[in-house]
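Reader: Hey, can we go through this one together? I'd like to start with the cysteines.

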Amino acid sequence: MKFIVNSQQLLKQLQSLSGVLSNNNTMPIINCFHLHLEEGTLTIKTTDLSTTLVARMEVETGRMENPEEVAIPSKMLLEILKSFDDVPVTFNVDNQSHAIELSSGEGEYHLAGMDADMYPTMPTAEGTATVVMSCDALVNAINKTYFATSNDEMHQQMSGIYCEMTPDGITFVATDAHKLVRYRRKDVTTPESTNFILPKKPITIVKNILAARKEGGDVTIEYNNTNLFITFDNFYIICRLVDGRYPNYEAAIPKDNPNKLILDRQSFINTLRRVSIFASEATRQVRLSISADKLTISAEDLEFSNNAKETIPCQYEGSPMEIGFNAKFLTEMISNLDSEQVIMEMSHPSRAGIIFPFGDDTEGKQDDILMLVMPVMLAN
């Protein structure tokens, strides 16, 4: 097995693939990049047994009679490629001993590979349904929801993004029981309704690869009862779906919210950031005191005698109210909206507030978003 490839182009592909690698596995073969060479195309694969990522790139080869493959230790290969300038590197692999020789300029480097037949096989896309969406739409859906997923290992279902596909559109939901985001797109539909939970790790990998792209394009998503298959550009990712039933998120969204607060989004964010500096580090609690035309945001840390208060203009319909929120959650949610103004709807200081984008720039859009944040109890 012999091929020549640009060092930096190969390094870029391997770094994208390395996000799948885990430091906790005890199988040496899983710590390798699986390389498969056929007719000038190098296919590189990594897996942690739950997620598999594949990339393809063109390389220069000599005469080949059959496809050839080898498994190369990932850490050593990444380190040597990082040390090269932008130069061609020749890989020469002994198909019997799996010994690998890298050469570039006057340098020769030898390392031991492994038998590629030991590498785990990939699940096949059998009995799948297919949906196609733009790369930008998928990245936007992930960015809008990912931050609201749970980090609690005891609740695996809430650690991923819930995906609900219907003939009317596609819905992405994330929650950690303190905050919730529901993001819908009307321009992506499926003939039949289905739902599944996307795990966090492959979501992150896909987002990072897509976000680094400069051109548009589409993503093809295939899914069955156990796995998801995503194809874009020269990448192919397979991930095992999260088992279990997702919480009934619709039941958590309050329907009757007579108190409506409209604010300039950036002004709200800036004020929250300033005032929350003076909040307790344990609770990050801020108090919102709302009346007809002004909102007063305050925070205090009794332990260190710190406090702050700031008033900003607003539009408000409803009864005067005081309600408390975690400033970190509130800032995070509003920062992930794009509109100039936001509207917060509430019913009672003990019930969740829901947040939407507001204004002319939200009309006629192919997507919509709802955010929910649970209140915190205020001290009198």
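Reader: So why is Cys163 not bonded to Cys239?
Author: The sulfur of Cys163 has its closest cysteine sulfur in Cys239, and at 11 Å that is too far for a bond. A disulfide here is a pair of cysteine sulfur atoms within 2.5 Å. Cys239 is likewise in no disulfide, and the count by this rule is 0 disulfides.

Reader: And what is a disulfide, chemically?
Author: A covalent bond between the sulfur atoms of two cysteines.

Reader: Is Cys163 buried or exposed?
Author: Cys163 counts as buried because its relative accessibility is 2%. Buried means under 20% relative accessible area, exposed over 50%, and partly exposed in between, with a 1.4 Å probe and protein chains only. Cys239, at 4%, counts as buried too.

Reader: What are these numbers based on?
Author: This is a predicted model, where local features need pLDDT of at least 70, side-chain atom pairs count only at pLDDT 80 or more, and totals for chains, interfaces and linings use all residues. Residues are numbered from 1 along each chain as its sequence is written, and side-chain values use heavy atoms, leaving out hydrogens and water.

Reader: Switching topic: how many helices and strands are there?
Author: The protein chain has 7 helices and 26 strands. Those are DSSP runs numbered from the N terminus: helices are H or I with at least four residues, strands are E with at least two.

Reader: How much of the whole chain is buried?
Author: Buried residues are 49% of the 380 in the protein chain.

Reader: And what box do the C-alpha atoms fill?
Author: Roughly 80 × 50 × 40 Å, taken along the principal axes.
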